[in-house]
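Me: I want to go through this model and ask what stands behind each term. Please show it first.

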Amino acid sequence: MLKDARPALGAASSTLTVGGAGFDIKTLDPGRELENGANNIDHATYDSLVTFEGEDLKTPKPSLATSWTVSPDGKTYTFKLRPNVKFVSGNPLTSADVKWSIDRVRYLKGNAAFLLEGLDEVTTPDPLTVVIRMTEPHPAILPILSSPVLSAIDSKLVAANGGDASPDAKTKDQAEAYLNAHSAGTGAFVLQSYTPKQEIVLVKNPNHWRGAPKIDRIVLRNVAEPAAQELMIKKGDLDVATGIGADQMRSLAGTPGVIVRTSLASTLVYVMMNQNPQVGGPFANPKVVQAVRAAIDYQGMLALAGKGALRQAGIIPNNFPGALPAAEAARTDREHAKRLLREAGLGEISGTLTFASDIVFYGIQSNLIAQKVQADLATVGIKINLNGLPYSVAIQQYRDGKNQLGIWQWAADYPDVSDYLVFVPGRTVAKRTGWMPEASPEAQQIAQLAKTTETEIDTPKRVALYQRLNRMIASYGPWAPLFQPVTPYAFRSNVHGVTFASAWMVDYYTVSKT
Amino acid sequence: MDAAITTPETATVPRPVRRRRRLLPRQLSGSPLALLALAIVAGWIAAAILAPLLAPYPPLAQSIAGRLQPPSGAHWLGTDPLGRDILSRIVYGARLSIPVGVVAVALAVVLGTLIGGTAGVVGGAADEAIMRGTDLMLAFPTVILALVITAALGAGIRNAIIAIMVAWWPSYARLVRGLVLALRDREYVLAARAVGGSRLRIFLRHVLPGTISPVVILSTLDVGHAILTFASLSFLGLGPPPQIPEWGSMIAAGRNYLDQWWISTFPGLAILTLVLAMNVLGDGLRDLLDPRFRSR
Amino acid sequence: MTLYRYIIRRVLMLVPMLVGITLLSFLLSHAVPADPVAANLGDQAAADPTIVAAFRHHWGLDQPLYRQYLIYLWNLVHGNMGISISTRQPVLLDLRQHLPATIEIAVAAMLLSLVTGIPLGMLAAVNRERPIDQAARVVSLVGVSTPVFWLGLVAIVVFYAHLGWAPAPGRLSPTITAPPFVTGFVLVDAILSHHWDAAADWLGHLVLPAVVLSSYSLGIVTRMMRGSMLEVLGEDYVRTARAKGVTRWAVIVRHAARNALIPVITIVGLSFGGLLSGAVVTETVFSWPGLGLYAFSSATSLDFPAIMGSGIVVAGVYVLVNLVVDVAYAFFDPRIRVA
């Protein structure tokens, strides 16, 4: 077996082979990426101010920042940087690099720029201190800073290769090609090669500030078929498989040499009903919305979603503060649904359900869920036509607010409940579903409550407010939450220290092989 | 997969050979292979017509509790990921595949004949333009073409048929044009013109009938191919809505369930048996009508 | 007209053809009621007009359509096919990486079908109407009647999962380092850099997709060979040779087979196009990183530069092969040049 061309790596050179599914990666440039796959890589090659350890996404831990303080008004965060940290190039890490990296994300206006909404200014009083000031109190900024998008990039090196962090960065920055071929971070691994849609190779950074990782080399392969991943991990051709589905999980259970786990995804899968009367038609009627919620067979949905998937009461996933207990979740009651439909007095109702036919989320084929919804609604007399479109066309229709009915998912962009405020009337998801504050007094109330909630910095008060908000949205919002999915993953029994967090999937630093 | 697997553009019309009278029934009944093929095709057509009587369960009836069951006494071919009976869905699938194959080819033939015939008869610059146009269309991969058409028009049976028609008419256009050009110079056409017949009349009475035979042969061969292409489009998600029983999308549904082999295997066998039988028949038909292959 | 003039004429017509292909690709990709923003920006980003505007500006999508097309043509003439929105690499580089992979399986499939189909066709023709002929015909038809995607899935389950004879789907094993990129063809690059294990590994991975893909053209080659053999066997010069006392086998090999091969060459060229198309599905099932996979994923993510690039390459290859075939045909049959 041929080793790569670098100097000898030592007696037992270990390679970890990981199977990724679909390779949704578009770019590895931290300033421009947002996909899970890219986060997975950038989390290994870069570090941020704070991080989360293992699978605990509630308590931010120090990473490049050793400590931090928050001002009493909640608007200013002061971080103390870890001394003597070096980039792979040998350049030392300073607060200037942190500022440069954050400003670059802000001014590139890329996919992840919204993470810095509300940012006023980043200042660097000394080389080891970073001050981040927001325009309004925004407690979510701390978990947001853990994102690989906001990690520290070697500003001198990248600027020399076309990088730009000035307000004109979106036209001036030319560093993407460089960053797709080289990593310029402080992380435990270094990018060796990136072949888009096919393969990524990482090698260890022996001078990493936490100490060198235990794996010498990581090869990530795009294995698009979950069934192929199952076969490969059974035979040992893969060490870690991150793209298997519920049914692969079932067949892999009990296979000697393979360990199967699930990680609760910070995602909500739901049915939406457009409240814009011109688009939604009969589904813009609140009684019909409630009838749909009562008609769905949630137990059956959970069976489709696979072992470990959870019921959702409301729109906040169960692992976030503000989530509602499962007992409050909508109940299947078809008689009640029929009664509501009669009260609505609209006669026979029919509609079109649009969904992305070519995606498999969390191992479940989207068209299975669509067909189940169709069959469930048929039991109460609602006739649904299924309209499966390629993802890009379906999502465009949804974003234009033209979906009458749809099945979509909302995956948390960062590990904080405030991301789910998109379901508040007038905000992103609600707007696309046609639910505006003017729709009803309740909608107006919810919009107001949201404004109070998002600036609340006292944690217990915050949780209570989010719960209240969640309850109201669950009752009055035009959605039927279906389930919170799990990401199944598997690894060989000689691989240790595997953790899986929804933010960046596997953290390779803790992994070792015997 | 592109159309018309056989004749190249410059197809020559069968050269006149010493003909011997041959009885159709004897040729057919003399070959057990052809008889078997005929029986299979007839069987599938019957299954399609009698589906409501033959299917043990409604093809759309879901049962989450009974999903992914292997073949058993209750479900001879097992159940799919939503608990639907696979045997019933296969039988109902014939109702879709067979008509779609026939209609798609028929439409492509009609469109291609009109355009290619016109090119051949009119000749000159129009002919040249049309031929370059067909070259262009033929150069474009069918799958990508179909993908774009369904993305623009929406998925569904009608649009899948349109996609196949749009991808295949150029082959027929070329064929018909070639035939028309060759026939134009035949003795009997020249004779008719010498006698003073109008161009249109000559075309309809002498040229067109000469094109029918090769076109019919090729199109019957293509029906099987059309069924395959439609299944491919469904497999890629570009066909009818997923709840409608269609063999291609049934195979696609089994992609993530390789351990539950019955989900993909039986629809695949259905396609294989039907298309193979049609191809055997079509092949035999071609041998029959092509004088080059007649034995002494 | 002479062969020379025919060739010149056909080659000259390539240029408007290619332009036509670019126009067709351009129109088709813009006919879809969505644009690259949909597939490339997340929900939050897409809700922010400044981010959407920055994206569209970066990719030249804010220009009027005709200008976008003209800019594309201008760049194309200068050898620049733009940057792929999904891979963020120059499209030309993507194509250079992906096209060899498809050619690998297409050529392997073609060779397999020739090696199997020609003898099979000869056998069938020589033993006409006897059981062996029937059997050969059915075998060839099975290839044409089987859905390639289904065959691929079955092949993986049987030969990889259960029997362990074939390696996991892909072009190279994850444990093998790919040879340095020179031509893009693994075999050539491996030989050039002495990475013998990579060559061997690649060969192992090639078998299953090539066999599956060849199932389609096998049928065509067999039937074509049989047909033209039969035609040739009935010719006068063959009968003359037999009358002179030449043995049956000598007749078959020396006279019949050679002449029968001519139409087979044309069919090779023509079915190459079908192979390129069939490659899309085969590459998907076997995770083979070829042009088919690239074209399909560009089409679904509305990656305009990549769609145009793959459209041009695929159609260009198809047109070139057609040209070669037509010239070969014209070489052998002077009547064709007039048509």
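**Terms and values**

Me: What makes the contacts in chain C long in sequence terms?

Reply: Of the contacts in chain C with a separation of 6 or more, 71% join residues 24 or more positions apart. A contact means that two C-beta atoms, placed from the backbone, lie within 7 Å.

Me: What should I know about the model and its numbering?

Reply: This is a predicted model: local features need pLDDT of at least 70, side-chain atom pairs count only at pLDDT 80 or more, and totals for chains, interfaces and linings use all residues. Residues are numbered from 1 along each chain as its sequence is written, while chains are lettered from A and ligands numbered from 1 in the order in which they are written.

Me: How many helices and strands does chain C have?

Reply: Chain C has 14 helices and zero strands. Helices (H or I, at least four residues) and strands (E, at least two) are DSSP runs, numbered from the N terminus. Buried residues make up 51% of the 339 residues in chain C.

Me: What makes strand β20 of chain A "mostly covered"?

Reply: Six of the seven residues in β20(A), residues 486-492, are buried. Buried means that 20 or more other C-beta atoms lie within 10 Å of the residue's own; exposed means 12 or fewer, partly exposed is in between, and C-beta atoms are placed from the backbone.

Me: How do you know that β12 and β20 of chain A pair?

Reply: Two strands pair if DSSP finds at least two bridges between them. β12(A), residues 258-264, shares seven bridges with β20(A), in the antiparallel sense, so by the definition they pair. One bridge sets A:Thr262 against A:Pro488. Strand β11(A), residues 240-241, is joined to β20(A) by two bridges, also antiparallel. There A:Val240 has A:Phe491 as its partner.

Me: Why are β17 and β19 of chain A called edge strands?

Reply: Each pairs on one side only. Their open sheet has five strands in the order β17-β14-β18-β13-β19, with mixed pairing. Within this sheet, β14(A) and β18(A) run parallel, joined by two bridges. A:Leu353 stands opposite A:Leu405 in β18(A).

Me: What packs on the sheet, and at what angle to β17 of chain A?

Reply: α13(A) packs there, touching β13, β14, β17 and β18 of chain A. The direction of α13(A) makes about 170 degrees with that of β17(A). Axes are lines fitted to C-alpha atoms, for helices over the stretch in contact, and angles run from 0 to 180 degrees between N-to-C directions.

Me: Which residues of the largest nonpolar core touch the most other members?

Reply: A:Val240, A:Val271, A:Val292 and B:Ile164, in a core of 322 residues. A nonpolar core is a set of buried Ala, Val, Leu, Ile, Met, Phe, Trp, Tyr and Cys residues joined through C-beta atoms within 7 Å. Helix α7 of chain B gives the most to this core, 16 residues. Among the residues that A:Val271 touches are A:Val292, A:Leu405 and A:Trp479.

Me: How many residues meet where chain A touches chain B?

Reply: 25 residues of chain A are in contact with 16 of chain B. On the side of chain A, α13(A) supplies the largest share, seven residues.

Me: Where is confidence lowest and highest in chain B?

Reply: It is lowest in helix α1 of chain B (residues 24-29), at a mean of 51, and highest in helix α3 of chain B (residues 51-54), at 92. pLDDT is the predictor's confidence in each residue, from 0 to 100. The mean for chain B is 79.

How values were computed. Lists of a residue's contacts leave out its neighbours within four places in sequence.
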